[in-house]
Amino acid sequence: MKYPEISFEPFFSWVCRPRVMYAPGLRSEVGYEMAQLGGKRVAIFTDKGLVDAGVADMIVEAVRNSDLELAGVFDGIVQDARIDIINAGAKFYREKGADCMIALGGGSVMDTAKAVNIMIGGGEEDFAPLAAQVALYEGAKPLPPHIAFPTTAGTGSEVTIAMVVLDVKAKAKISVAHPYCNCDLAMLDPELMVKLPAKITAFTGMDALTHAVEGATSTSAEPISDALCLHAIRLIFKYLPIAVKEPDNVDARGCMLLASCIAGMGFSNSMTGAVHALAHALGGQCGIPHGLANGILLPHVMDFNVSERPERFMMVADAMGIPVDGMEPEAAGRLAVQAVKDLLKEVGLTQTLKDLGVPTDRESLKPLMELASGDSQITYNPRYCEEDDILDLYLKAL
Ligand SMILES: NC(=O)c1ccc[n+]([C@@H]2O[C@H](COP(=O)([O-])OP(=O)(O)OC[C@H]3O[C@@H](n4cnc5c(N)ncnc54)[C@H](O)[C@@H]3O)[C@@H](O)[C@H]2O)c1
Ligand SMILES: [Fe+2]
């Protein structure tokens with residue numbers, strides 16, 4: 001199809017910071033690359049799942065085979081970046097005398113490592129007051145050397161300029177932005193992903209798809225994010241089912257890693273929308289993994305949004321491989337909604353919010369609605385969401 005007549009804001013700014021390298025086996029270059037960045041003694045940040053899967057050892061071995069000194073491996077990260085663990089990570093980095101970091105993991109690890117590096121760069125001992133500021137732009141300076149190996153595909157956190165932090169007491173997730181928080185170098189090595197279980201492959205892939213769809217349809221979408229988000233959609237529709245069914249297919253893993261990274265570059269600039277706002281509330285209140293919440297919500301929110309920006313949803317449908325030439329944009333957009341439902345089934349994600357213990361009556365959903373309506377991402381949703389709209393969307397996803 002032809003790129004349709006679409007509108008975008010007359011002013012936008014574009015950020016594209018980290019260098020990205022891609023190759024199966026790329027981890028063997030980590031020592032050389034860290035030396036180029038000025039790092040000598042590295043702290044590796046990861047989680048127990050990656051240690052148990054033998055993935056952490058693959059990076060430890062690459063470090064040991066280089067001139068880089070290993071200060072230590074911090075594997076205490078859990079689901080979502082938590083302030084107590086961020087603080088413990090910064091203490092670990094200092095006590096071990098590290099001067100650079102490797103983040104090895106999915107979004108929970110990469111977001112924790114980003115926050116640790118901000119504390120190291122600024123000399124802080126507690127991340128809580130920084131998280132409360134939400135946007136850490138004033139006086140922000142480049143941070144110590146930081147290489148990320150994303151191991152889910154995924155969040156795209158290796159390239160985005162924000163981290164999502166879980167406030168355990170408030171049971172709320174907050175996005176915190178800092179212009180230098182993403183890594184200096186994203187090393188995309190798909191061999192690190194062959195042990196990722198099918199279910200996590202599926203729901204992290206739905207997170208990447210949500211970034212791409214919301215990034216291409218948000219109120220801040222513009223031609224650069226269109227180029228990125230639409231191509232990410234093409235890659236995800238082709239390669240996510242293969243990555244789920246053939247875990248050791250390195251080409252499919254690689255295309256998913258690239259799709260996640262590309263979508264990350266897109267949505268980090270054009271932002272997301274209501275899926276993310278509603279999913280953050282579900283993560284904070286009910287502990288639902290981010291990608292799973294997004295996957296369940298995505299078709300319902302798309303269906304709610306299509307009529308507001310039909311030509312953009314038609315582009316999304318086209319990127320999904322649906323023949324849309326000659327169709328009315330809104331009808332084409334509705335086919336994109338159905339395609340997402342079909343993809344969810346194909347990759348085995350058939351759960352609903354009810355299956356995950358989310359309350360089923362309107363009254364009990366109000367705390368979730370209040371968090372979602374205050375989430376920064378809802379302001380970028382193409383269609384204005386009233387409080388009742390948010391409650392209706394949760395009810396539809398039950
Ligand atoms: N900063 C951003 O731009 C951004 C964007 C989207 C989401 N997020 C945040 O990222 C977090 C979610 O990250 P995620 O979805 O990547 O999941 P995750 O990092 O929580 O990882 C999920 C599980 O997969 C395991 N795992 C990861 N890689 C593996 C591998 N290669 N082999 C075997 N096991 C592996 C981990 O051990 C963990 O148990 C959420 O907190 C979310 O809010 C951040
Ligand atoms: Fe996300």
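The paragraphs below lead through a predicted model, from its ligand to the strands and residues around and beyond it. In this model, local features need pLDDT of at least 70 and side-chain atom pairs count only at pLDDT 80 or more, whereas totals for chains, interfaces and linings use all residues; side-chain values use heavy atoms, with hydrogens and water left out. Residues are numbered from 1 along each chain as its sequence is written, and chains are lettered from A and ligands numbered from 1 in the order in which they are written.

The surroundings of ligand 1 make a suitable starting point. Around ligand 1 there are 29 residues, of which Asp80, Gly107, Ser108, Thr152 and Thr160 come nearest; a residue is near a molecule or strand if one of its heavy atoms lies within 4 Å of it. By class, this shell has 10 nonpolar, 12 polar and seven charged residues. Here Ala, Val, Leu, Ile, Met, Phe, Trp, Tyr, Cys and Pro count as nonpolar, Asp, Glu, Lys and Arg as charged, and the others, Gly among them, as polar. Domain 1 (19-193) and domain 2 (198-396) each give at least three residues to the shell around ligand 1, the domain bounds being taken from an automatic or database domain assignment. At least two shell residues come from each of helix 2 (48-52), helix 5 (107-122), strand 7 (162-167) and helix 7 (198-217). Helices (H or I, at least four residues) and strands (E, at least two) are DSSP runs, numbered from the N terminus.

Several side chains approach ligand 1 through polar atoms. A polar contact is a pair of N or O atoms within 3.5 Å; within protein, one must be able to donate a hydrogen and the other to accept it, and residues adjacent in sequence count only if both atoms are side-chain atoms. The side chain of aspartate 47 has an N or O atom 2.8 Å from an oxygen atom of ligand 1. For threonine 151, an N or O atom of the side chain is 2.8 Å from a nitrogen atom of the ligand. A polar side-chain atom of threonine 152 lies 2.7 Å from an oxygen atom of ligand 1. The ligand taken alone exposes 870 Å², and the protein buries 90% of that; these accessible areas come from the Shrake-Rupley method with a 1.4 Å probe, and for residues only the protein chains shown count as cover.

Glycine 107, one of the residues that come nearest to ligand 1, is found in helix 5. Glycine 107 counts as buried because its relative accessibility is 13%, where buried means under 20% relative accessible area, exposed over 50%, and partly exposed in between (1.4 Å probe, protein chains only).

Strand 7, which supplies residues to the ligand shell, also belongs to an open sheet of three strands in the order 4-7-8, with mixed pairing. Strand 4 and strand 8 stand at the edges, each with a single partner strand, so one side of each is left without a neighbour in the sheet. Strands pair if DSSP finds at least two bridges between them. Strand 4 (residues 81-82) runs parallel to strand 7 and is joined to it by two bridges, with arginine 82 opposite leucine 166. Strand 7 and strand 8 (residues 172-177) are antiparallel and share six bridges. Across that pairing, valine 164 stands opposite serine 175, and aspartate 167 opposite alanine 172. The hairpin of strand 7 and strand 8 has four residues between the strands, and lysine 171 there takes a positive phi near 50°.

A further group of strands pairs in parallel. Strand 2 (residues 41-47) has six of its seven residues buried, so this strand is largely enclosed by the rest of the structure. Six bridges link strand 2 to strand 3 (residues 69-77), and valine 42 has leucine 70 as its bridge partner. Strand 2 also shares four bridges with strand 5 (residues 100-105), where methionine 101 is the partner of alanine 43. In a regular strand the side chains alternate between the two faces of the sheet. In strand 5, Cys100, Ile102 and Leu104 point one way and Met101, Ala103 and Gly105 the other, and all are buried. Strand 5 is parallel to strand 6 (residues 146-150) over five bridges, and isoleucine 102 stands opposite isoleucine 147.

Aspartate 189 lies in the loop between strand 9 (185-188) and helix 7. Aspartate 189 counts as buried because its relative accessibility is 0%, and its side chain reaches the backbone nitrogen of leucine 26 at 3.2 Å.
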